[in-house]
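Biologist: I would like to learn how to read a helix and a chain contact in a model. Please take the general idea before the case.

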Amino acid sequence: MIVYISRRLLSAVVTVLLASVIVFAAVQLLPGDVATQVLGQDATPDAVAALREQMGLNRPAVLRFLDWITGAVRGDFGVSLVSGEPVSATLWLHLRNTMLIAVATIAVAVTSSIVLGVVAGLYRDRWPDTVISTLTLIGMSVPEFVVATLLVLALSITVPVLPAVVLDEASAPVADLLPAIVLPTIALSVVMTAYIVRMTRTSVIDVMESEFVTTARLKGLGTGRVVVRHALPSALLPTLNVIAMNVAWLVGGVAVVENVFNYPGVGRMLLEAVHNRDLPVLQAIAVVSAAVYVLCNLAADLGAMALNPRLRTGERSAR
Amino acid sequence: MPRSPGAEGAPPRIPRRTALLGGAGALGAAVLLPGCAASGPQAAPALPEAAATGATADGGVLRMARPPASQAETLDPASSLSAYEYLGALYSRLVRMDAEGQTAPDLATEWESDDAGLVWTFRLRDGVRFHDGRGFTSADAAYTLRRIVDPGLASPQGTVLGPLIDPGRVHTPEPGVLVVELTTPNFEFPALLTNYHCYVVPDGDGDTIGATGIGTGPFRLDSFSPGGRGRIVAYDDHWEGPPALDAIEMFSMTDIQARTNALLAGQVDLISQTNLDFATARVVEASERATIARSVNAQWYVLPMLTTAEPFTDARVRRAMKLAYDPGHVIDVALQGTGVPGNDNPVPPDTPYWTDYAVERDPDRARALLAEAGHEGLSLELYTSAYDPVFTPMALAYRDSAAEAGIDITVRNTSADSYYTQIWMQKPLMATYWYTGRPADQLLNQVFRSGSSYNETAWSDGAFDDLLDAARATADEDRRRTLYQDAQRMVVDEGGAMTPMFADRLVGLSRDVLNYHESGFEFDYLNIGLRP
């Protein structure tokens with residue numbers, strides 16, 4: 001078990017490292033650099049040269065990467081090429097804001113989707129299932145930015161109860177941001193719920209048809225008890241992985257949604273950094289996102305092992 | 001100097017994805033908003049031209065959504081990274097441009113040159129104070145000019161004024177008098193100082209001005225964070241009297257749809273430096289809270305032909321390309337009528353030096369010219385992007401129109417994100433635009449003169465350059481006008497830029513905003529206010 005976890009952690013570190021190399025290389029391949037991007041049409045040769053000099057862009061890419069990585073290992077992500085601010089401080093603020101949305105979304109999406117999934121599975125092919133399945137299909141097919149737009153239309157413009165965009169900056173106190181996270185959370189939850197509901201439904205159907213559930217029924221247990229005590233733990237196993245994947249997806253999904261709501265989170269920071277070719281910021285976000293991705297998957301696998309004795313013992317006997 | 005102030009530092013800012021989002025938002029809103037659903041775009045009423053005017057409430061706070069230049073933006077007016085919306089509110093120039101395009105007094109009350117156009121004397125306004133209480137004198141004006149031409153600062157206007165001003169020959173004989181000895185004669189010199197990089201900063205404040213924003217304008221700085229939000233408050237000691245508003249709050253929003261949503265939801269009152277696409281503009285116009293005002297002839301659209309690239313090295317091909325298309329068709333398709341024909345002349349209609357010279361469309365003659373040049377059945381690629389909503393419709397309309405002259409155009413859509421680094425001045429034929437607001441002399445010298453870093457067609461014609469030099473050195477105003485008009489004729493007949501049209505900018509603003517007026521780079525911060 002310990003060996004397994006340390007092996008996974010080691011591969012996680014390698015993955016994160018590779019991600020940073022790939023992002024660095026990808027940005028080098030993008031047309032333009034931070035100087036030309038920031039100056040735009042004013043990128044006269046003199047202006048570009050002056051700005052490049054000022055930003056230290058004239059050194060070879062490999063050297064700049066080595067500089068960055070030695071700093072990053074010590075937890076120093078450097079300073080933004082554009083704003084000159086330390087990346088770590090800015091990133092943590094934005095990460096905090098994104099976590100607000102992410103945690104709320106996970107809470108809302110996971111709870112509601114498991115309930116809906118179980119209902120759909122239990123009422124297979126009857127009207128509750130039809131309604132839930134149709135809605136989730138729609139939720140899956142509509143991109144999150146369209147959902148976001150429709151929500152703004154309904155809840156900010158037609159009936160103005162919630163703000164359409166966030167006017168606060170990244171450093172705003174959490175309390176100020178709370179009204180602003182409602183719409184992004186709903187928008188992301190709609191999409192996320194759709195996937196988890198379908199997974200839960202399928203596995204609930206599978207489990208309800210299995211022999212041990214039939215046995216439980218034959219013992220004369222009530223439906224409620226059968227579902228909660230016997231069926232659910234098994235049914236949730238495959239769902240765990242889907243949830244983990246979705247949490248990782250959130251890291252990317254927030255980028256578009258945050259932009260629509262002008263929400264000062266990692267997603268918006270990422271888009272701006274890509275646009276400006278602001279490498280230190282991009283690298284830091286890449287590392288953090290990769291880490292989140294890898295850790296989510298690791299947590300899901302460990303969670304599955306904890307829930308499933310067969311997996312645990314299987315692992316042990318294989319050693 | 002840039003084509004757009006807002007876009008100057010922050011060019012696209014609107015990656016393709018977001019432009020799509022904007023479209024999707026407009027679509028959603030168009031379906032749901034009452035009044036719009038039934039009529040559709042065709043039947044929708046014409047977009048209003050001017051903003052509402054009238055007596056404003058005493059005070060009030062205007063909330064403005066703006067596209068941020070970047071996290072590197074600064075309040076330093078001379079910088080290429082300046083935060084445009086703040087400049088006109090915080091600072092004053094020596095001279096400004098009035099509604100007719102004439103140079104008008106601001107901090108300078110009058111000016112004159114010697115007979116050669118070499119030595120310019122500006123008399124400065126008395127009793128003007130900076131926001132921190134310092135009195136404005138010629139030392140501040142001289143410092144500002146010397147700073148703009150400092151190569152270390154790389155100010156966009158430095159490329160224009162640098163060849164004219166020797167920092168050692170800017171004199172301050174009296175606190176109220178500034179004397180500038182130019183290195184070459186120039187009777188258009190004051191007009192060049194209307195530029196928005198020429199706002200006057202206090203003597204010696206160069207290192208701090210980017211953060212302090214100390215000027216003599218109608219508002220003083222309360223707070224500012226680069227690429228973030230900021231607040232400016234009324235400066236009661238402003239020499240023209242205090243502004244109508246108490247304060248303006250600025251909010252940076254990268255995404256066009258976010259800016260539009262904020263306006264529709266009543267979170268902001270005005271969207272600055274944003275040309276709304278027609279679908280969005282109609283949704284805004286149909287809403288209860290917000291409406292549209294037009295900044296008339298705010299931009300001119302160009303299809304620049306790179307004269308150093310085949311086949312545009314041949315003047316006959318360039319002429320054929322211009323004769324081939326119908327500007328009326330391009331305006332109908334791309335602007336839905338919210339603009340006027342450019343006749344391939346970039347000087348805005350009805351400005352002082354404009355000429356109405358135009359060449360009638362003639363596809364047959366175009367065909368003949370192409371045959372003569374050995375380019376029968378010419379096949380070309382025309383590059384466009386979602387950077388601006390008009391580019392692609394303009395390119396398609398041109399393609400359809402030019403087909404009648406046997407020119408086969410393929411329109412290629414490219415990424416908005418790197419459009420101005422990879423396509424502009426790189427591809428032989430593309431779609432672009434500039435903001436109007438430069439005086440004719442600056443425009444012609446900057447965009448068309450040989451070797452200028454903004455010469456997007458790389459056109460180089462010694463006779464044209466000589467004409468501009470002669471105009472600058474001509475004291476007689478009528479004679480000077482004739483020379484500038486001759487120069488425009490050369491641009492139309494020989495140059496590489498096709499200028500199909502001047503377009504109005506569609507500005508979204510709340511119905512509560514009164515006296516919004518913006519033309520070129522002049523924004524009336526003094527009189528804009530809110531409905532009582």
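The dialogue below takes up one helix and then one contact.

Modeller: This is a predicted model, in which local features need pLDDT of at least 70, side-chain atom pairs count only at pLDDT 80 or more, and totals for chains, interfaces and linings use all residues. Residues are numbered from 1 along each chain as its sequence is written, while chains are lettered from A and ligands numbered from 1 in the order in which they are written.

Biologist: Which residues of H6(A) are buried?

Modeller: A residue is buried if 20 or more other C-beta atoms lie within 10 Å of its own, exposed if 12 or fewer, and partly exposed in between, with C-beta atoms placed from the backbone. Helices (H or I, at least four residues) and strands (E, at least two) are DSSP runs, numbered from the N terminus. In H6(A), the buried residues are A:Ile132, A:Thr136 and A:Gly139.

Biologist: Why are they on the same side of H6(A)?

Modeller: The arc is that of the directions from the helix axis to the C-beta atoms. Here the buried residues cover an arc of only 55° around the axis, which puts them on the same side of H6(A). The face turned away from that buried side carries exposed A:Trp127, A:Thr134, A:Ile138 and A:Ser141.

Biologist: How many residues does the contact take from chain A and from chain B?

Modeller: Two residues are in contact if their C-beta atoms, placed from the backbone, lie within 7 Å. Chain A gives 40 residues and chain B gives 46 residues. On the side of chain A that touches chain B, H7(A) gives the most, with eight residues.
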